[in-house]
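Subject: Structure for you to look through

Hello,

I am passing on a structure that I would like you to open beside this email, so that you can follow each point on the screen. Please look at it first on your own, and then read on for what was found.

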Amino acid sequence: FDRNGTSVCTQSTQKLRIQRVIIHPKFGTNSSADNIALIEFLNPADISQPNVNPICLPVTAELRANPKTNLNVAFISRVDQSYSNIPVRYLESVECMRQYADRDITLNLEHKRLCAEIANKQDEQNCNALIAGSPLQEMKLFGQQERYFLRGFELLGLACNLRAPPLYNNLEAYLDWILYNMRYNEPDAVETNGELPANGTLESRWLKLQQEPGREKLRLFNMSACGMTKTRTETTGQITIYPWSVTVFGVDGLNSDDIKVHGMGALISEWYILTSAHVVQQKASWRYLVMGLYNILLQSECRGDSCVPYQEGVIRHVIVHPSYEKDPRNHNIALIELQQPANLTNPHISPICMPFIKELQKSKPLDLVVTSEEEYDVRSKQLTGLAPTACQRQLAQEGFLTSARNVPWCAVDADNRGQSALLLNPGASLQALLQFDEQQRYFLRGVNLRNNLPNEFPYLPELFTNVDRFLDWIVDSMKFKEPEPMWPTATKSVSSRQVSVNPIRNTSKNRLLDFNNCGRMSTSNETVDSNIIPWMGYLSSDKTLLNATKDSRCAVTLISEWYAVGLAHCFSSNSTKYSILFGINSVQGLKECTECVYPTQTIPVERITIHPQYNNSTYNNDIALVK
């Protein structure tokens, strides 16, 4: 009604923003078949108001029974321009197609479309059609109440005054598709803004958690000195250093110059680094870590007392999640144990915080950052996190179905125009800045689960293994440690003593081993060159010659007059013929000497037996027997 010339609504309208539109995958512009789309709102409609309420869907067979009666279509009344329903009559497919054929129009309804015409001529004269999409609804008695069920949509915006029967899509044909795309309706976890818990500070909660029975290993984590970035002024300007960033290098083959970055990791304590399982599963002769690296060019050119070197770390043990082999996408995580603890006195090396307290896991990040390496420069970019249900839907559209429990962290660039692109290494850390009492700290939230492969999941956001799921596994895999020597060292003088050799496993082959003459090194009073290690030999083949660089040659060890042992990966090339040179005294002169007092021996290889469990990616069981 009008009040002083102003129209006042009895109930307020609602204007909802659209988050996404899902168009049926078979829809095409040249056909009205599959002309249907599902719209998802950014925020839910307020259905507590009487003027906004959803229509029912006939999701069961009982509700879909007799869909040809009590049909109505929405229209605009020409009398008062109000919305109203008008009864329509269902037409059998044969009759509908005949009427279109009379107008020289070939129509194939199949099961996806149907026809219905206005039942009463007077209603048709009062009808002003809506635009395309007018709902076709069926009235049913449901629990002694009248309810309307959606049956379809008018396709052309010609529900009224059309010479041929109006066309509607048949909703029943699309119910499975609709329900499939609506299935992620679980409410996302409620995020907090970092308020203190009602029962004390987060620090007190953490101290109490460490004292609980069975939680003793939590003392391996120092919450008072974790998750704090450093800033440094360089010639290029001020840079932010994430001191928990670790770069994992791998050496491929025998050439020590063939060094590649295999991925990234995050220092979580002085002894342990968290990364993706893919990083430590790549083929490498050996791996090592670098901590405190932020820009190798700036650090190598730095001069003066303010320069801080990076630290190389030796890997003692790698623990891959036990479910990775069977389900690599959902368990792409690994723990690296160091031989020596990280040097936490280095200002550029310190661990990131771990979210052991539930309130921290639910807190909304003040900042969300990922760090990765690019040409030995550790860079970062800001991200915006996606809700778990939105992430789950996007994964499903690309064919990756995940349960609510296994949904990874999903994030997109916070500002595509304001920051340069950064290709993330495997194992790159996703860190969230959270409020921890009066301080702000970075907590580890995820580990990049992509494997840095070309065009890997190009239409998906950045994906990270959710660290929260693996906190118990991480703690259980860690242990209290004391520094150990990198190499065995003698603590006291050891005198030579007689050794009683235990019987070998297969006594029938004991004739192959000569304990009377094995293991004897020549002495200075013997005529043999004292520099010769008599059991050391060097491998050559039709692909690798003895005059190749020393880094590309393999050594083997003679264990009997018929057999030697060596590394299995030395025989993984395309070579077909091998031989071994024994009796040399210098790695710089790997050549035969027939004029020497004791000539060298070049012995052809008859057979190579590689260990049956040798893995050319991890180099486990890297051993071969040579005859």
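The secondary structure of the chain comes to nine helices and 33 strands, and please keep in mind from the start that this is a predicted model. Of the 627 residues in the chain, 41% count as buried, while the surface that the chain exposes comes to about 37,000 Å², with carbon and sulfur atoms supplying 50% of that area. If you take the contacts between residues at least 6 apart in sequence, 65% of them join residues that are at least 24 apart.

Before the details, a word on confidence. The average pLDDT of the chain is 80, and 81% of the residues score at least 70. Among the elements of the chain, the lowest mean pLDDT, 46, belongs to strand β1 (residues 2–3), and the highest, 96, to strand β16 (residues 272–275). Over residues 186–190 the pLDDT is below 50, and this stretch has six contacts in the model beyond its near neighbours in sequence. The pLDDT also stays under 50 over residues 486–508, for which the model has seven contacts beyond four places in sequence. Where pLDDT is low, the predicted coordinates should not be read in detail.

Next come the disulfides. A disulfide is a covalent bond between the sulfur atoms of two cysteines, and a search of the whole structure finds five disulfides. Let me take you through some of them.

In one of them, C96 and C115 are joined, with their sulfur atoms 1.8 Å apart. C96 lies in helix α1 (residues 93–102) and C115 in strand β7 (residues 113–118), so this pair ties together parts that are 19 residues apart in sequence. The torsion about the S-S bond of C96 and C115 is about -55°, so the disulfide is left-handed, and both of these cysteines are buried.

Another disulfide joins C302 to C307, with an S to S distance of 1.9 Å. Its torsion about the S-S bond is about -90°, and therefore the link between C302 and C307 is left-handed as well. Why does C302 count as buried? The relative accessibility of C302 is 18%, and buried means under 20%. C307, at 21% relative accessibility, counts as partly exposed.

A further disulfide runs from C554 to C570, with the sulfur atoms 1.8 Å apart. C554 lies in the loop between β27 (536–541) and β28 (555–558), and C570 in the loop between β29 (564–566) and β30 (578–582), so the pair ties together parts that are 16 residues apart in sequence. With -85° about the S-S bond, the link of C554 and C570 is left-handed, and both of its cysteines are buried.

Now please turn to helix α8 (residues 388–397), which is mostly covered, since seven of its 10 residues are buried. The buried residues are T389, A390, C391, Q392, R393, L395 and A396. Which elements do the buried residues of α8 pack against? They pack against β3, β4, α3 (175–181), β23 (409–413) and β26 (462–466). Just after α8, G399 takes a positive phi of about 95°.

Two of those partners, β3 (18–23) and β4 (37–41), also each supply at least two residues of a nonpolar surface patch. The patch covers about 540 Å² and is made by I18, V21, I23, F27, I39 and F41. Its largest share, three residues, comes from β3, and I18 is one residue that lies in that strand.

Finally, have a look at V279, which is found in helix α5 (residues 277–281). At 0% relative accessibility, V279 counts as buried. Leaving aside residues up to four places away in sequence, V279 touches V248, H262, G263, M264, R287, P426 and G427. In the case of V248, the two residues are 31 apart in sequence, and their C-alpha atoms are 7.8 Å apart in space.

With best wishes

Definitions and conventions. Residues are numbered from 1 along each chain as its sequence is written. This is a predicted model: local features need pLDDT of at least 70, side-chain atom pairs count only at pLDDT 80 or more; totals for chains, interfaces and linings use all residues. Side-chain values use heavy atoms; hydrogens and water are left out. Patches are made of residues with over 30% relative accessible area and no salt bridge: like charges are joined within 9 Å, nonpolar side chains (Val, Leu, Ile, Met, Phe, Trp, Tyr) within 5 Å. Accessible areas come from the Shrake-Rupley method with a 1.4 Å probe; for residues, only the protein chains shown count as cover. A salt bridge is a side-chain nitrogen of Lys or Arg within 4 Å of a carboxyl oxygen of Asp or Glu. Helices (H or I, at least four residues) and strands (E, at least two) are DSSP runs, numbered from the N terminus. A disulfide is a pair of cysteine sulfur atoms within 2.5 Å. Buried means under 20% relative accessible area, exposed over 50%, partly exposed in between (1.4 Å probe, protein chains only). pLDDT is the predictor's confidence in each residue, from 0 to 100. Contact means heavy atoms within 4.5 Å.
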